[in-house]
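Subject: A structure for you to explore

Hi there,

Here is the structure I promised to pass on, together with its sequence. Have a look around it, and then read on for what turned up.

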Amino acid sequence: MKFKHIIYTVAIFGFTMFSCDDYIEEENLSNVEGGSFYTTEAGFETLVNANYAQLKEIYGNEPWLFSAGTDLYAEGRDQEPPGLSQYIQLTSSSEGVGQLYTSCYRAIQSANMAIHYGALNTQNSNINQRIGEVRYLRANAYFLLVQTYGGVGLVTENIDSPILTFDRNSAEEVYSFIISELETTLSGIGGGAFDGRVNKRAVQHLLAKVYLTRAYESFAGADDFSKAASYADDAIAGQSLTIPFEELWTPGNEMNSETLFSVQFSPESNSTDPTNLGHMQNLFFSSYLGGAEISGDAPYRSYNLCPTEFAISLYDQGDQRWEATFMTEAFERYYDYYDEEDHSELLVAHYYAPKWASSASDLADYQSLHPEATIHPYGEYVPSVSRNLDYQTIPVKKFDDPQAPFDGGRTSTRDLILSRLGETYLIAAEAYLKSGDPATALLRLNEVRNRANANPATLAELNIDYILDERARELLGEYHRWFDLKRTGKLVERASQHHYLIEESNFQGANGELKILRPIPQEAIDLNQNKDFPQNPAYE
């Protein structure tokens, strides 16, 4: 296996540190020589904590690469980057295409630095645990890269000077490296409840997802689906889904017993730059909520990744995830929903009728009870070509942050959840189904549906499309959807069926290839003195 250096990040960005969170605080010391400081226990802890801070750069910005151009989200009033959202204009120089390439390689360099100094550290009694945490973070960055861009350059050495030439490893080599890193990490990482640091269940969850994803590739191992199922069950560890879905997403409850790993934020750690040190998940999956006179001190909300008609059609009456995911009744001041315990005296400004309550008589009955409300019938509050008014798309409330300031930047200080038990069950369901054990797959999937008070699925209807639909209901707005569709080979089919701006022909690229992978950013290719470095075939 080749291990090559990457100039793209090193030469331009270097190595930076950010304060991390209320659980993992970084100590910033000046006038200390780095090499000697990082070999001390305090210095090494600072270096490890800086690795957690890199997660904020990977996940804290605009989530186009995670969600745009799929079946669940489409642009409303504000335009998405046309390349990432519609594919026909997708090139190596498209807006946003390099965001993960840049941020993940910065994280990889940070991890390499920590692992380098960890080998020199003889004072830290937690050295194996800490190095395991860093290896997990590096593996996660490579997993994002290989899913998004295919094979990329593997970098495992600490870089302290610019490297002008690098090669590209195959996707098979990258997956093998990720799996080797994570399985090595398992032997040295601790268990217990999630406390802000990587633990054994987080590693098992990621391993399950990596094996599941590789299992669809041409170079998959014969038992990849079975290994994915086994690791998912290890991460589940017999724990049932018992937290009501509404409570699961109550602001401030992110550190609940079903959270396996999250990016940690807090108002205190973001206080020095509150519009740039948080994240943007609260801003994207919703309607614009008006100015400060309507939303008070609540954050600006955009129209950029609004739920499609297909997304809202997936919920049936009785599924508790409908009310927990969407703000179906928006009050005159939106955030009074959180600020006022008694909602009985609040005036409804907008009502979004579900499909089971959208008959003429249903709507008339609601209007008689709430004459002040603007009623949006089912199917009319989704993105469309002519949509340009406030509140014309149904707000997603899962990620609301009432403490975030009124601003369009990175303002949310809610923890951003990357791995949680509900998804682990769905990973297990998909892995068992694809490994030839649909009965166990059904048990895992129905654990998720039972918590939501949804009717149990049956063996007759269980297939990969049903699992993707269930992932949509359970995980809407969480940063998984583009990867889900790409993994299962459903990206072209589902995006063209359910996104109003995408046709199947949009995916046609160069050389008869489909635009399934994103292109290697042009800047990375231009900086590389190896002029034989290959671009992905659809963009050559």
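Tyr87 is buried, because its relative accessible area is only 1%, and under 20% counts as buried. You will find Tyr87 in the loop between α5 (82–86) and α6 (99–118). Its backbone deserves a look too: phi of Tyr87 is near 75 degrees, a positive value in a residue other than glycine. As background, most residues other than glycine have a negative phi. Please keep in mind that this is a predicted model.

Asn453 also has a positive phi, of about 65 degrees, although it is not a glycine. Asn453 belongs to the loop between α19 (438–451) and α20 (464–475). Is Asn453 buried or partly exposed? With a relative accessibility of 48%, Asn453 counts as partly exposed.

Now for the inside of the protein. In soluble globular proteins, nonpolar side chains tend to be buried together. Here the largest nonpolar core has 158 residues, and the ones with the most contacts inside it are Tyr59, Tyr101, Tyr142 and Phe261. Which helix gives the most to this core? That is helix α7 (residues 127–149), which supplies 13 residues.

Helix α7 comes up again with the charged side chains. Glu133 and Arg130 both sit in this helix, 3 residues apart, which is about one turn. Their side chains form a salt bridge, with the closest N and O atoms 2.8 Å apart. Glu133 is buried, since its relative accessible area is 0%, and Arg130 is buried as well, at 11%.

Glu133 has another partner: Arg197 forms a salt bridge with Glu133, and here the closest N and O atoms are 3.0 Å apart. This pair links distant parts of the chain, as Arg197 is in the loop between α8 (171–186) and α9 (200–214) while Glu133 is in helix α7, 64 residues apart. Both Arg197 and Glu133 are buried.

While you are at that loop, find two other residues in it. Val198 is placed in the loop between α8 and α9, and with 1% relative accessibility Val198 counts as buried. The C-alpha atoms of Val198 and Tyr175 are separated by 20 Å, with their positions 23 residues apart along the chain. Asp195 is also in the loop between α8 and α9, but Asp195 is partly exposed, with a relative accessible area of 43%. From Asp195 to Leu260 the C-alpha distance is 9.2 Å, although the two are 65 residues apart in sequence.

Ala349 makes a good exercise in measuring distances on your screen. Ala349 lies in strand β5 and counts as buried, at 18% relative accessibility. How far apart in space are the C-alpha atoms of Ala349 and Gln89? They are separated by 39 Å, and along the chain the two are 260 residues apart.

Back to salt bridges: the count comes to 37. One of them joins the side chains of Arg481 and Asp71, at 2.9 Å from N to O. Arg481 lies in helix α21 (residues 481–488) and Asp71 in the loop between α4 (64–67) and β1 (73–74), so this pair ties together parts that are 410 residues apart in sequence. Arg481 and Asp71 are both buried.

Some salt bridges join up into a network. Among the residues linked in it are Glu258, Asp319, Arg321, Lys398 and Arg420. Arg449, Arg451, Glu470, Arg473, Glu474 and Glu478 are part of this network too.

Finally, turn to the surface. Where do Glu340, Glu341, Asp342 and Glu345 gather? They come together in a patch of negative charge on the surface. Within this patch, Glu345 is found in the loop between α16 (336–339) and β5 (348–352). With 67% relative accessibility, Glu345 counts as exposed, because the cut-off for exposed is over 50%.

Enjoy exploring, and write back with any questions!

Best wishes

Terms used: Residues are numbered from 1 along each chain as its sequence is written. This is a predicted model: local features need pLDDT of at least 70, side-chain atom pairs count only at pLDDT 80 or more; totals for chains, interfaces and linings use all residues. Side-chain values use heavy atoms; hydrogens and water are left out. Patches are made of residues with over 30% relative accessible area and no salt bridge: like charges are joined within 9 Å, nonpolar side chains (Val, Leu, Ile, Met, Phe, Trp, Tyr) within 5 Å. Accessible areas come from the Shrake-Rupley method with a 1.4 Å probe; for residues, only the protein chains shown count as cover. A salt bridge is a side-chain nitrogen of Lys or Arg within 4 Å of a carboxyl oxygen of Asp or Glu. Lys and Arg count as positive and Asp and Glu as negative; His and the chain ends are not counted. The place of a charge is taken as NZ of Lys, CZ of Arg, CG of Asp or CD of Glu. Helices (H or I, at least four residues) and strands (E, at least two) are DSSP runs, numbered from the N terminus. Buried means under 20% relative accessible area, exposed over 50%, partly exposed in between (1.4 Å probe, protein chains only). A nonpolar core is a set of buried Ala, Val, Leu, Ile, Met, Phe, Trp, Tyr and Cys residues joined through side-chain atoms within 4.5 Å.
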